[in-house]
Amino acid sequence: MAEMFEKNYEGKLLSDRSPFAMNEAFRALRTNMFYTSKGDACPVYGITSSFANSGKSLIISNLAISFAQLNKKVLLIDCDLRNSVIHKAFGMERGFGISELLAGSDNAVDRCLRRTSYENLQIITAGGTPPNPTELLASERMGKFIEFLKNHFDVIFIDLPPIGLVTDATVLSDVVTGYVFVVRSGMDDDRSLRHSVALMEQTDANIIGFILNDVNPKTGGKYGKYGGKYGKYGKYGKYAKYGKYGKYGRYDGRYGRYNTEY
């Protein structure tokens with residue numbers, strides 16, 4: 001496991017050694033997310049994408065770290081039960097996780113919570129791969145679990161499967177304050193994104209913005225308008241030399257392509 005962590009994730013989680021532009025990108029995303037909390041004492045953010053290999057899991061890991069740097073008590077939950085990677089990013093074993101808790105094999109919530117090397121940040125791994133992930137996430141037990149956790153944390157992040165592959169992301173729309181969509185430059189197209197957004201809107205999911213990932217700084221993104229209320233990625237304008245940060249904006253892949261396994 002340690003070898004895997006060093007090979008795939010070394011230098012890709014935020015730290016005091018990260019490039020300045022990388023830290024600034026996530027600070028910009030963090031700042032814009034503050035305006036979407038609806039005044040919730042503990043907002044719950046879900047992250048998804050149209051397809052696999054978007055880089056969403058590493059992006060949400062770094063967003064969680066960025067919020068923790070503000071001395072917020074942050075929880076990151078891996079609910080991509082079919083293809084979990086959060087434990088790899090933090091150099092952990094999968095161990096006992098959310099799937100075991102939801103399946104009722106153990107009621108000890110404390111057993112799920114895993115401390116990280118980042119102060120104020122804890123994670124809950126996916127645990128074992130269950131035969132019925134959608135049913136577990138849609139269960140009444142999951143809703144009660146999230147409500148319980150909101151009393152103990154300042155912000156919760158949930159890594160969800162791609163909406164273009166399975167419906168797991170939509171079943172949590174009642175408990176998620178806002179969804180963030182990750183779009184990988186050069187991989188997602190306008191048609192697939194429109195379809196994914198339409199699927200989420202059918203469940204009244206609150207999509208608060210998009211992150212354009214892995215942008216080639218020489219060619220930029222070529223997505224134009226995605227229609228409807230989402231408009232162009234540049235809603236928040238330009239952030240100095242880092243270009244546009246999507247409806248939150250762009251997460252420039254210049255400082256490392258974080259999506260080789262996603």
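A salt bridge, as the term is used on this tour, is a side-chain nitrogen of Lys or Arg within 4 Å of a carboxyl oxygen of Asp or Glu. Such pairs can form because side chains of opposite charge can pair when their charged atoms come close. Keep in mind throughout that the model on your screen is predicted.

**The whole chain**

Begin with everything selected and shown as a cartoon, where the secondary structure comes to 9 helices and 8 strands. Of the 262 residues in the protein, 56% are buried, while the accessible surface comes to about 11800 Å², with 47% of that area belonging to carbon and sulfur atoms. If you consider the contacts between residues with a separation of 6 or more, 77% of them join residues that are 24 or more positions apart.

**Colour by confidence**

Next, colour the model by pLDDT, which averages 77 over the protein, with 74% of the residues scoring at least 70. Select residues 1-7, where pLDDT stays under 50 and where the model has 11 contacts beyond four places in sequence. Then select residues 221-262, where pLDDT also stays under 50, although the model has 131 contacts beyond four places in sequence for this stretch. Where pLDDT is low, the predicted coordinates should not be read in detail.

**Helix α2 and the loop after it**

Now select R27 and E24, which form a salt bridge whose closest N and O atoms are 2.5 Å apart. Why are these two separated by about one helical turn? The reason is that R27 and E24 are 3 residues apart in helix α2. In general, an α-helix has 3.6 residues a turn, so residues three or four places apart point the same way. R27 is partly exposed at 32% relative accessibility, and E24 is likewise partly exposed, with a relative accessible area of 25%.

Move on to Y35, found in the loop between α2 (20-34) and β1 (44-49). Is Y35 buried or exposed? With a relative accessible area of 67%, Y35 is exposed. Add F34 and L70 to the selection, and you will have a nonpolar patch on the surface, in which F34, Y35 and L70 together have about 340 Å² of accessible area.

**Helix α3**

Select residues 56-68, which make up helix α3. A helix of 13 residues, at 1.5 Å a residue, should span 18 Å, and the end C-alpha atoms of α3 are indeed 18 Å apart, so the expected and modelled spans agree. If you show the surface here, you should find α3 mostly covered, since 13 of its 13 residues are buried.

**A network around K56**

Of the 6 salt bridges that the structure holds, two can be followed from a residue in α3. Select K56 and D80, whose side chains meet in a salt bridge at 3.2 Å, N to O. K56 lies in helix α3 and D80 in the loop between β2 (74-78) and α4 (86-89), so this pair ties together parts that are 24 residues apart in sequence. Both K56 and D80 are buried.

Keep K56 selected and add D159, which forms a salt bridge with K56, the closest N and O atoms being 2.8 Å apart. This pair links distant parts of the chain, because D159 is in strand β5 (residues 155-159) and K56 is in helix α3, 103 residues apart. D159 counts as buried at 0% relative accessibility, and K56 is buried with a relative accessible area of 4%. Through salt bridges that share partners, K56, D80 and D159 are joined into one network.

**Strand β1 and I47**

From K56, turn to I47, which is found in strand β1 and counts as buried because its relative accessibility is 2%. Which residues does I47 touch, not counting those up to four places away in sequence? They are K56, I59, I60, I158, D159, L160, V180 and V182, and two of these, K56 and D159, belong to the network you have just left. Select I207 as well, for I47 and I207 are 160 residues apart in sequence and 9.6 Å apart in space, C-alpha to C-alpha.

**A last stop at D204**

Finish at D204, in the loop between α9 (190-201) and β7 (207-213), where D204 is exposed with a relative accessible area of 68%. If you draw a distance from D204 to S173, C-alpha to C-alpha, it should come to 7.0 Å, for a pair that is 31 residues apart in sequence.

Methods
Residues numbered from 1 in each chain as written. Predicted model: local features only at pLDDT ≥ 70, side-chain atom pairs only at ≥ 80, totals over all residues. Heavy atoms only, no water. pLDDT = per-residue confidence, 0-100. Contact = heavy atoms within 4.5 Å. Patch = residues over 30% accessible without salt bridge, like charges linked within 9 Å, V, L, I, M, F, W, Y side chains within 5 Å. Areas by Shrake-Rupley, 256 points an atom, 1.4 Å probe, with all protein chains shown as cover. Helix = DSSP H or I, 4+ residues; strand = E, 2+ residues; numbered from the N terminus. Buried < 20%, exposed > 50% of the residue type's maximum accessible area, 1.4 Å probe, protein only. Expected span 1.5 Å × (residues − 1).
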